[in-house]
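The following paragraphs offer a guided reading of a protein model for those meeting it for the first time. The sequence and the structure are shown first.

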Amino acid sequence: MAGRFAHLINDEIRYILLDMDGTLLDRYFDDYFWEHLLPERYAEKNHLTPEEARRDLLERYRKTEGTLQWTDLDYWSSQLKIDIPALKKQTEHLIDVHPHVIPFLTEMRRKQKSVVLVTNAHFKALDIKMRKTRLGPFLDRVVTSGDLGYPKERLEFWGRLAGILGEGYEVYAVLVDDTQAVLRTARTFGIRHLLHKAGASSALPVTRSDEFTSIHLFTELMD
Ligand SMILES: [Mg+2]
């Protein structure tokens, strides 16, 4: 039986735009890293209580939300005086692909869709994750916010993407992302089909969007 949103990926669709963290990959790794492991290291280094360290870091994260700094591992290494890429590498065994992602990507290939990873991830984080998950061969292109100079929360990202995919690409595109702020910007830009990925982290309850159509599993988009 075809998935309930499989019909969205019809002959008119040329581009399948996919977010990485939380959408193709389990966000558990990132949440654990930024909310637990890093605060722990930061507390040790600065002789803070775990609670103080967490509060301090969450405040710093909040200030950089929706900017390129937020995902810039070098920025955090220099701000916190902790080697962030090295720490990420130490925990890379926690990086995992969501269920049904590989069959989904394979089916999109078979249907001759252009599969494009669109991510705010820093190139060093991208590198660690691609090595670990081996998703590279299933993707036609990888476009990062670092490449385009703006995060996905900004209209400029989607505008500049036209320089790569061609003018008017938005009419032929489906975007799947777990961040609603990104989906809102993409909606303003005019991306044809917007799908919210529910269940971004396997450690958290599955919460569907009340603003966008949510998919939980990629089988919902497959024949
Ligand atoms: Mg995401």
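Which residue of β2 is the bridge partner of Ile16? In this predicted model, the partner of Ile16 is Val115 in β2. That pair belongs to a wider arrangement: strand β1, residues 15-18, and strand β2, residues 114-119, are joined in the parallel sense by 4 bridges. On another pairing, β1 runs parallel to strand β4, residues 173-177, again through 4 bridges. Here Leu17 is the residue that stands opposite Leu175 of β4.

Strand β1 is also covered on both of its faces. Tyr15 and Leu17 lie on one side, Ile16 and Leu18 lie on the other, and all four residues are buried. This arrangement may be read against a general rule. In a regular strand, side chains alternate between the two faces of the sheet.

The view may now be widened to the sheet as a whole. It is an open sheet of 6 strands with parallel pairing, and its order is β3-β2-β1-β4-β5-β6. The edges are formed by β3 (141-144) and β6 (213-215), each of which pairs on one side only. From one strand to the next, the twist averages 25°. As for what holds such strands together, a general statement applies. Strands of a sheet pair through backbone hydrogen bonds, in either a parallel or an antiparallel manner.

From β4 the sheet continues to β5, and these two strands run parallel, joined by 4 bridges. Within this pairing, Val176 stands opposite Leu195 of β5. Strand β5 is mostly covered, since 4 of its 5 residues are buried. Strand β5, residues 193-197, also pairs with β6 in the parallel sense, over 3 bridges. In that pair, Ser214 of β6 is the bridge partner of His196. Helix α10, residues 180-189, packs on the sheet and touches β4 and β5. The direction of α10 makes about 180° with that of β5.

Another helix to consider is α6, residues 101-110. Its buried residues include Val101, Phe104, Leu105 and Met108. Why do they share one side of α6? They cover an arc of only 95° around the axis, and therefore lie on the same side of the helix. The spacing of such residues follows a general principle. An α-helix has 3.6 residues a turn, so residues three or four places apart point the same way. Among the elements that cover the buried residues of α6 are β1 and β2. The face turned away from the buried side carries Pro103 and Arg110, which are exposed.

Two residues in the loops beside α6 deserve attention for their backbone angles. As general background, most residues other than glycine have a negative phi. His100, in the loop between α5 (84-90) and α6, has a positive phi of about 70° although it is not a glycine. His100 counts as partly exposed because it has 16 C-beta neighbours inside 10 Å. Just after α6, Gln112 takes a positive phi of about 60°. Gln112 is placed in the loop between α6 and β2, and it counts as exposed because it has 8 C-beta neighbours inside 10 Å.

The division of the chain into domains completes the picture. Domain 1 consists of 6-27 + 96-221, and domain 2 consists of 29-93. Their C-alpha centres lie 25 Å apart. How many residues of domain 1 are in contact with domain 2? There are 17 such residues in domain 1, and they are in contact with 13 residues of domain 2. On the side of domain 1 that touches domain 2, α7 (123-133) and α8 (145-148) each supply at least two residues. The largest share of that side, 4 residues, comes from α7. By type, the residues of this side of domain 1 are 5 nonpolar, 5 polar and 7 charged.

A last residue to visit is Phe33, which is located in helix α1, residues 28-46. Is Phe33 buried or partly exposed? Phe33 counts as partly exposed because it has 19 C-beta neighbours inside 10 Å, whereas a buried residue needs 20 or more. Leaving aside residues up to four places away in sequence, Phe33 touches Leu38, Lys88 and Thr91. Phe33 and Leu17 are 16 residues apart in sequence, and their C-alpha atoms are 26 Å apart in space.

How values were computed:
Residues are numbered from 1 along each chain as its sequence is written. This is a predicted model: local features need pLDDT of at least 70, side-chain atom pairs count only at pLDDT 80 or more; totals for chains, interfaces and linings use all residues. A residue is buried if 20 or more other C-beta atoms lie within 10 Å of its own, exposed if 12 or fewer, and partly exposed in between; C-beta atoms are placed from the backbone. Two strands pair if DSSP finds at least two bridges between them. Domain bounds come from an automatic or database domain assignment. Two residues are in contact if their C-beta atoms, placed from the backbone, lie within 7 Å. Ala, Val, Leu, Ile, Met, Phe, Trp, Tyr, Cys and Pro count as nonpolar, Asp, Glu, Lys and Arg as charged, and the others, Gly among them, as polar. Axes are lines fitted to C-alpha atoms, for helices over the stretch in contact, and angles run from 0 to 180 degrees between N-to-C directions. The arc is that of the directions from the helix axis to the C-beta atoms.
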